[in-house]
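Here are my notes for your review, set out as numbered points. Please read them with the coordinates open beside you.

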Amino acid sequence: MENPSHPEEKKARLRNSPLAKLSPSTNRLKGRRIEDLEQGFIDHLEFSLAKDRYSATSRDYFKAASLMARDHLVERWIHTQQAYYRNDAKRVYYLSMEFLMGRTLGNSLLNLGMYENAYRAMDELGFDLEELREIEPDAALGNGGLGRLAACFMDSLATLELPAYGYGIRYEYGIFSQKIVDGQQLEAPDNWLRYGNPWEIQRPEYIYPVKFFGEVREYRDEKGILRYDWTNTDDVIALAYDTPVPGFRNNTVNTLRLWSARAAEEFDLEYFNHGDYERAVADQIDSETISKILYPPDNFQLGKELRLKQEYFLVSATLQDIIRRYKSTHPDFNAFPGKVAIQLNDTHPALAIPELMRLLVDNEGMEWERAWDICTGVFAYTNHTVLPEALERWNVETMQRLLPRHLMIIYEINHRFLEDVKERFPADLERLRRMSLVEEDGEKRVRMANLAIVGSHSVNGVAELHTEILKREIFSDFHNIWPEKFNNKTNGITPRRWLMLCNWELASLISQRIGEGWRTDLYELKKLIPLADDPVFQQEWRQVKQNNKERLARYIREQCGVEVNPQSIFDCQVKRFHEYKRQLMNLLYVITLYNRIKANTQQNLTPRTVIFAGKSAPGYAMAKRIIHLINLAAEVINRDPEVRDLLKVVFLPDYSVTLAQKIIPAADLSEQISTAGMEASGTGNMKFALNGALTIGTLDGANIEIMEEVGKENIFIFGLTAEEARRLRQSGYDPYQYYNNNPELKQALDMISRGYFSPADPTLFHPILRQVLDHGDEFMVLVDYAAYLECQENVSAAFRDPVSWTRKSILNAANMGKFSSDRTIRQYAEEIWKVKPVSIKLPGVGNQ
């Protein structure tokens, strides 16, 4: 019998297969040498997956490559956790309902410093690493900027060697898979776990009960102190799944722990024995629904209830886990605020505040005042938007049924807080009404943002303008009381994924000219500034962009069947669909440009390819109508022979992190055109600029700070400011005035009204017209339309001068240092969390 562990015999068995294409190699670090990676791949294919060259599928090859890479994470992972315990380090716990991680294989190899050797190893075995990476599904545990920011933060936390854990939910179905059928968005389940996840490790030793419903019993303990017992509850079990998150070229590997819901009792044999098979497993189905899908529809009561269950499920399991970890090395809670920092990523995890109070007061027997001091000492809250849907408010009746003890605790927090407010402002009842944690107007609801502010020691916005709006408008009452709580932490992105991984050609060009220091210190890109006027460097920069555009053009042809002109402006608006992001205004410009081409009135026309991508929430009817209109307009424009290559419109379906990594490196123009004062920050604007795209945008979110960094002459700004928009909104305006006074705007809207793009149903898009004409144009599309067109004319003129355009492109990338998530996380660590790095050393291994 052959010895299956002997490398030579194994290779001999695989002769004449792709796996046998091995050649001698010498390389640097043991375990990372090309032959070691090849051997790891072969071992996992055979012993972990039980496959050979006759039975293995392409997915098996991807899994073998992933497990090979994971091997190099595990030792570092274990040493990282040991070091945190050994150093009794203060840890950061980042709670988020979303983690939009994307694919893991490429990112892990990149951060491990193994990408090139892995590529060569796969090549020698007869595989293309890029093709294997394409097999991996996106871990689509998020919908947009909130989840992607959390993913960037996890990368930076590990890169900066900060002791940190991410906590979220292991949704079985992530954000839906978007199909475009007859121009309309259709949602299909995104079963990303269908074939398993090679990166996660189930931790059955870490399970916690999470309670729902029940009743609260009052009693007095042996000291006569009033206590509360939450009894007769329906329990769900939270089961941990861990994913390693490596830092860049260091030995730190942090943990992303995701909770999966399991039934406390999976099978009721009594029902089964009596023939009621469905009821026998009903509890299991009901319990596991909690972690089944990201963002259940909340336009009906059961959907809202499930969403509240998800939020509590996350915070309850996480806090039990945090306390378990803390108590393993500490006899009491005296050091808890000095060892634990919990960041609430928006209002979704705000139930953590009453939950920690419950655990400390009810379970640990702590008196209220001490528990509250601990609570406010550990929690910090990040607000991500000023839009009402993100400032969650939960129906009191629903919370009373689901979480009766927590509602009692919230009432007690509110009572004590309002007593303090009354002392400061004795006769101001209106202020009390505004600041109360419970909204009393009409349906009683708990204001989760107010709860998060009262229960945290820090409240931050995510861009300078956004933070000022929070302080001046949204939370001005709270800022008056606690100005020291409020601070700004402008968002950032990780340059590892958003330049090194997605745009390797540009990353290589930059490193050849200025070295590799920018990978961990993005301010190093300022060394590109002197090269912005270098003709040779400009030509190399343009060539990289052109190569990326040609790759994207091929992808568009394959996915959409549309031939686009790679010499045209690639004008990209790719983001979640929402009316305030104003994809509609972009489309109105497209229709206007189409009309100009048809009328032959456009002088010096610059060819343009307008690329849309993004998903609408399933229940957001207006955003879905806009997607439908874009697709039907694209059909008309793209097949019109008069337009030729001068204008093409493309909607790329099923937007994801992976699709963004294809689009962003190819973009010439980045559309950041939200209504001023409504976009908290945005991070797409940063990703595009880092890859050399120029921004057309309003003075909103981080656009303002990007303009300050790159210079007004290197960005295209238009439209109302946030203050001007606020004043106009207060004074009111007549949309028909803009409609009647602008012939091109009127023509575009009339075409939609007459059914030019929907001849089979001319009234199909009348709801869109009513929204902008009859219902007040809340997002000021018509107000900013003329300024937007004028700005787009400036864009076209600038693009016709390739030397000047390239210079602007280089200067945009060169001045993106501020927008690294490393900078953002360093600020959180120093100013909010007060945590220190812990350097990880591996015994007997070359440390990076």
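1. The buried residues of helix H13 are Ala352, Ile353, Pro354, Glu355, Leu356, Met357, Arg358, Leu359, Leu360, Val361 and Asp362, where buried means under 20% relative accessible area, exposed over 50% and partly exposed in between, with a 1.4 Å probe and protein chains only. Because 11 of the 12 residues of H13 (residues 352–363) are buried, the helix is largely enclosed by the rest of the structure. Just after H13, Gly365 takes a positive phi of about 70°. Helices (H or I, at least four residues) and strands (E, at least two) are DSSP runs, numbered from the N terminus.

2. A word on provenance: this is a predicted model, in which local features need pLDDT of at least 70 and side-chain atom pairs count only at pLDDT 80 or more, while totals for chains, interfaces and linings use all residues. Residues are numbered from 1 along each chain as its sequence is written, and side-chain values use heavy atoms, with hydrogens and water left out.

3. On enclosed space, the count comes to 7 cavities of 30 Å³ or more. On a 1 Å grid over the protein atoms alone, a cavity is a set of points where a 1.4 Å probe fits but cannot get out, whereas a pocket is an open set with protein on both sides within 12 Å along at least five of seven lines; lining residues have an atom within 4 Å of a point. Grid points are joined across faces, edges and corners, and a volume is the space filled by probe spheres set on the points.

4. The largest cavity holds about 370 Å³ of space and is lined by 31 residues, of which Met101, Gly102, Thr104, Ala139 and Thr243 lie nearest its centre. Among the elements that give two or more residues to this lining are strand E2 (99–102), strand E3 (139–141) and helix H7 (145–159), while the largest share, 4 residues, comes from E10. The lining divides into 15 nonpolar, 8 polar and 8 charged residues, with Ala, Val, Leu, Ile, Met, Phe, Trp, Tyr, Cys and Pro counted as nonpolar, Asp, Glu, Lys and Arg as charged, and the others, Gly among them, as polar.

5. The second largest cavity has a volume of about 100 Å³, and its lining residues include Glu579, Leu584, Met622, Asp777 and Phe779. H32 gives the most to this lining, with 3 residues, and by class the lining has 7 nonpolar, 1 polar and 3 charged residues. Asp777 deserves a separate look: this residue has a positive phi of about 50° although it is not a glycine, is found in the loop between H32 and helix H33 (781–799), and is buried, with a relative accessible area of 2%.

6. Arg582 likewise merits inspection, with a positive phi of about 60° although it is not a glycine. Arg582 is found in the loop between strand E19 (569–574) and helix H24 (583–599), and at 0% relative accessibility it counts as buried.

7. Turning to open space, about 1,400 Å³ lies in the second largest pocket. This pocket is lined by 39 residues, of which Tyr115, Glu130, Arg133, Leu501 and Trp504 lie nearest its centre; the largest share of the lining, 6 residues, comes from H23, and by class there are 15 nonpolar, 9 polar and 15 charged residues.

8. In H5, the buried residues are Tyr115, Asn117, Ala118, Ala121, Met122 and Glu124. They pack against helix H2 (34–48), helix H3 (58–86), helix H4 (105–112), H6 and H21, contact meaning heavy atoms within 4.5 Å. Just after H5, Gly126 takes a positive phi of about 95°.

9. Among the strands, 6 form an open sheet in the order E21-E20-E19-E22-E23-E24, with parallel pairing, where two strands pair if DSSP finds at least two bridges between them. The edge strands, each pairing on one side only, are E21 (647–652) and E24 (716–717). Strand E23 (residues 694–697) is joined to E24 by 2 bridges, and the bridge partner of Gly697 in E24 is Ile717.

10. Finally, strand E5 (residues 177–181) and strand E6 (residues 184–188) pair in the antiparallel sense over 5 bridges, with Ile180 opposite Gln185 in E6. The two strands form a hairpin with 2 residues between them, and Asp182 in the turn has a positive phi of about 55°.
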